[in-house]
Structures are given as C-alpha cells and as structure tokens.
Amino acid sequence: MPKPIVLIAEELSPATVEALGPDFDIRSVDGTDRSALLAALAEADAILIRSATRMDEEAIAAGRRLTVIARAGVGLDNVDVKAATQAGVMVVNAPTSNIVSAAELAIAHLLALARHLPEAHRSAKAGEWKRSRFTGVELYEKTVGIVGLGRIGTLVAQRLAGFGVELVAYDPYVTPARAQQLGVTMLSLDELMERSDFITIHIPRTPETTGLIGAAEFAKAKQTLRIVNCSRGGIIDEEALHDALASGRIAGAALDVFVHEPPTGSPLLELDTIQLTPHLGASTDEAQEKAGVSVARSVRLALGGELVPDAVNVAGGVIDEVVRPGIPLMEKLGQIFSALAEGSLVSVDVEVHGEIASLDVSVLKLAALKGIFSRITSEQVSYVNAPLLAEQRGVTVRLLTDPASEDYRNVLTIRGALSDGTRLSVSGTLTGPKQIEKIVEINGHDIEVPIAEHLIVMLYRDRPGIVALYGKEFGEADINIAGMQIARQRAGGQALSVLTVDSPVPEELLETVKTAIDAQMMKEIDLVLD
C-alpha cells in the first residue's frame, strides 16, 4: 500500500518531521508559489503550513484527497475553515504552542517600559551617557492589572508574583475562587484602571472587547500608568492611546499588536513614550517547535482515523443524524448565554428535552460549551477543548436529558449559575420542515424568535408606549427591526423584548434607548453564524 502523502508547505523544525515518523511520504512545496501549491495538493492527504500559505476555497478544492490541514501556530486567518468543513477536511492548529512565549513577551515589555530600555539602548549606541535621563521605576510593590485571566493571563500572573507586586485583574468570566488560587484580586475595569501602575492585556478581540480601553478609561488612570498589549490589536483604542501618551495623561505604552499590521503611518510611531514590536508573541524557537510537533502529532491521528484533540471543526464520536441539526443551534444558544451573563460562571446545566433525549446527545454539551467560551477566550475553541476551558475556570458542567417536552418536539436549554448567585437560562428549538432555529425562552420568559446575526435583548417594566419609544430611536438611527417579540409574566410587571435587526447597533444608541425606556438590561448580541 502506498504511504499517505504529507505536504510541508513552509519551513518547519526538524522535530516536526521527526514527529511525523516513517509512515508517510513527506514532500515539500513552496506554499507561496500558487501554481506549485495547487499542483502538489492534488496528491496530498495532509498539508502542514504556517502563516504564509493561503488555504482558501480554491486550494482546498485542489486537494481532492485532503484529510487534514494543519497550521503550525495559533491563528487560522490563512485557512478557510468553512470551506474545509464543507469539503470534509479537518483543520487543526496548535492553540497552546505560544502561550509561554506570549506571556514572557508581555513581561519583557513591562520591564522595558519600567526601565526605559529601548530609549536607553538608542542613547548608548549613539555614544551618549545620560544616566539620569533614563531613571525608571521598580515593579516591586507596584499594582499590576491583568485584563483577562485565561491561559496566558494566568501564566503572566504566576510569573509576576515573584516580583513582589500586587496583582489585580478584570475578567467577568473568572470565579473568585479561581482568582484566589492565583493570588489575584478581581476588580471592575474602572477600578483596575484607577489602581494600576502597570496593565497588561490578554483577551480576545470581539465586538464587546474592541475599544475596551479608550479615552474614558485613560481618564481614570494614574499619570504614571504604563500599559502593554500583546493580545490583539484594537482592544486599546489607538487614537485614545495616542492622545493619552501625547498629553502625558499616562507614562508609557508597549504594543505588539495593532489594528492594521504593519501600522504604517500610525501617529503612534512618532511618540517617544511607546515601544513597539512587530507581532512577536509566537516568535521564539521553542514556540515554533512546539507548534510543529503538536500539529505533526495531530496529522498522525487524523490520517489514522482517530480523535484529534486540536481539531477546530470536527466533533469526536459518531453523531446521530437526528441530533446533528441541534449542534449549530446549541452553539448559538451558548453565544447568547455568554453575552447575557454579567458575572463569572460557576456552573452550567445543558438540558435536552424531547424525542432526541433517548439518543447520544453528548455532542450538544460540547457545542454549548464551545458557544459559551468562544466569546470569552482568545484561544481557538473546539468541541474537544471546550470542556478543558470549563475545568480550568472551575465551572461545573452537567448534561441532563428528559424525554418529556410540552410545547415542542425537542427543546435545548443552557441553564447556569453565576458567582453573584443569579441564574440565567436560554432555550431554543428547531421548527418546521426547514428546521428553523428559534429562541423559545430567556430567563423564564416564553418567546419564539428566529435566531439572527444581530439580536437586541431588553428587560424593562411593562407599561404603555415603550415600543414606540425604542422603535422611534432605532428608526431615526436607520436601524431596521426585522422581527420582535415581547414576553411578560403579568401586566405592569417585568417585560422582556427580543428584537432581530439587520445591522449592528452603536453602543451610544443602545445607551440612549436604555435611558429612554429606563431598562434594567439592554444587550446587543452579534452572533457568529456558520
């Protein structure tokens, strides 16, 4: 029998080839040479890439025998995961390969900011000896704020503990018990901005976190604040950061990531109080080797027909065809649940009611966790690693099944307890021959709204004229309401309104509407739809 062909499209470490072993016909191609790549893909069973090779729909179609695309790194911007999934091609990456390197880079930036190392280096190289000009500060006994206590944020906290600093953090999804284990005090973002001498950011870029730290946050900061972002570009508002540095509102900043990379023409480049690196978070020999070895092992598993821990688009196990349509629905319910949760999660019950409860529905628990954590972690979340993310955060997870369902053939529910004692629930179902995905319950309010890309959820006191108020505000802002339903448990009591809209709603408009109707809650939810 001929050996499966594994195509290596970019330079990888010798350890990567060694990890593949002798069972494959290993071939090389220049992944940036498009014609050569497409020709080589015609015979390949697997391809290993880094960031330069573009595996788009055309390339995937050329790889008629492809079983797996393996990206030796974290991001998947150069892989069309949707096209791969549609073609039945597994996509794997190395989600933990660079976490140590990224954590160490953040700490390097903190120390360099504290001691003016880039400026002092340039001065000394120019033949100057201006020691007093570069007087710095110690980290010892300073307050260091960590925004995001995921894997990288946790590593940063563990390493900074040895510097004798006071560690504080902002992360709505980390329980107090977990923070206590790390020796970290949890704060609101405003409190963290007010108290911190240094801040380092380790969260994903999402609609909720884009521009998380802007002019209003810098206005609360100490004038001696030094801030580092080695996470994702855009979490810090770059214009607000420029203004804060240029005016002396804060003392310094370090960026490894930018909204546009490279940041050509950015006014930040003109400042002396900022230090910049060209997205070096994963640029260490160790991270590159770990990534290569990790995906090589995944390729071996995939070509052997086994479960792959780092697969990003494949759930393990045999899935009944009756259960399969519930997977994307449950994942969307997880996104909605996560968006509505206003505190850290303590426990999650994934409930399956109805006819499918007698089948193996364990994949629905994975889908719920994938949806929940896809909004709150910077790591690539898969059906396999989602339970690990829950475990790392101390979240208890149960799968509950019940063959009884009163109103629909099947109902899927995510019910959770938050650290402040509140409970949250979201339910959905599939209706009709076309299996339309619908939300049918939120926090005990019965509704029936088709799931859409843009949702607005409002909670307010039921009274006449409310719909006219928010309808007027959205209409004047040219926001088209595609669908709407209001649920209440009694007249004059609490009312929950769910709107589907055709476009994202600006935060300022949401605040205006919230004030106008005196809403207890006003949330826009932008879903990632497959």
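A salt bridge is counted here where a side-chain nitrogen of Lys or Arg lies within 4 Å of a carboxyl oxygen of Asp or Glu. The structure is a predicted model, and a search of the whole of it finds 23 such salt bridges.

## Salt bridges

The side chains of Arg488 and Asp462 meet in a salt bridge with an N to O distance of 2.5 Å, and this pair links distant parts of the chain, since Arg488 belongs to strand E20 whereas Asp462 sits in the loop between strand E19 (454–461) and helix H16 (466–476), 26 residues apart. Asp462 has a relative accessible area of 16%, and it therefore counts as buried. In general, side chains of opposite charge can pair when their charged atoms come close.

Three of the pairs are set out below, each with the distance between nitrogen and oxygen.

| Basic residue | Acidic residue | N to O distance |
|---|---|---|
| Arg488 | Asp462 | 2.5 Å |
| Arg398 | Asp349 | 2.7 Å |
| Arg415 | Glu351 | 2.8 Å |

Arg398 and Asp349 form a salt bridge in which the closest N and O atoms are 2.7 Å apart; Arg398 lies in strand E14 (residues 396–402) and Asp349 in strand E13 (residues 345–354), so this pair ties together parts of the chain that are 49 residues apart in sequence. The two partners can be described by their accessibility: Arg398 is partly exposed, with a relative accessible area of 44%, while Asp349 is buried, with a relative accessible area of 9%.

Strand E13 also holds Glu351, whose partner Arg415 is in strand E15 (residues 410–418), so that parts 64 residues apart in sequence are tied together by this pair. Here Glu351 counts as buried at 8% relative accessibility, and Arg415 is partly exposed at 29%.

Beyond these pairs, Arg34, Arg54, Asp56 and Glu58 are joined into one network by salt bridges that share partners.

## Sheets and strands

An open sheet is formed by 7 strands in the order E8-E7-E6-E9-E10-E11-E12, with parallel pairing. Its edge strands are E8 (185–186) and E12 (274–276), each of which pairs on one side only. Within this sheet, strand E6 (residues 143–147) and strand E7 (residues 166–170) run parallel and are joined by 5 bridges, with Val147 standing opposite Tyr170 in E7. Helix H11 (residues 238–246) lies across strand E10 (226–229), strand E11 (252–255) and E12, and it runs at about 145° to E11.

Strand E3 (residues 46–49) and strand E4 pair in the parallel sense over 4 bridges, and Ala46 stands opposite Val68 in E4. In a regular strand the side chains alternate between the two faces of the sheet. From strand E4 (residues 68–71), Val68 and Ala70 point one way and Ile69 and Arg71 point the other way, and all of these residues are buried.

## Surface and a long-range contact

Val467, Met484 and Ile486 make a nonpolar surface patch of about 220 Å². Ile486 is found in strand E20 (residues 481–488) and counts as partly exposed, at 37% relative accessibility.

Lys290 has its place in helix H12 (residues 285–303), where at 42% relative accessibility it counts as partly exposed. Although Lys290 and Asn98 are 192 residues apart in sequence, their C-alpha atoms are 7.9 Å apart in space. Leaving aside residues up to four places away in sequence, Lys290 touches Ser97 and Val100.

## Backbone features to note

Most residues other than glycine have a negative phi, and most peptide bonds are trans. The peptide bond from Glu261 to Pro262 is cis, with omega near -5°, and Pro262 lies in the loop between E11 and E12.

Two residues other than glycine are described here for a positive phi: His279, at about 55°, and Asp478, near 65°. His279 lies in the loop between E12 and H12 and counts as partly exposed at 38% relative accessibility, whereas Asp478 lies in the loop between H16 and E20 and counts as exposed at 69% relative accessibility.

Methods:
Residues are numbered from 1 along each chain as its sequence is written. This is a predicted model: local features need pLDDT of at least 70, side-chain atom pairs count only at pLDDT 80 or more; totals for chains, interfaces and linings use all residues. Side-chain values use heavy atoms; hydrogens and water are left out. Two strands pair if DSSP finds at least two bridges between them. Helices (H or I, at least four residues) and strands (E, at least two) are DSSP runs, numbered from the N terminus. Contact means heavy atoms within 4.5 Å. Axes are lines fitted to C-alpha atoms, for helices over the stretch in contact, and angles run from 0 to 180 degrees between N-to-C directions. Buried means under 20% relative accessible area, exposed over 50%, partly exposed in between (1.4 Å probe, protein chains only). Patches are made of residues with over 30% relative accessible area and no salt bridge: like charges are joined within 9 Å, nonpolar side chains (Val, Leu, Ile, Met, Phe, Trp, Tyr) within 5 Å. Accessible areas come from the Shrake-Rupley method with a 1.4 Å probe; for residues, only the protein chains shown count as cover.
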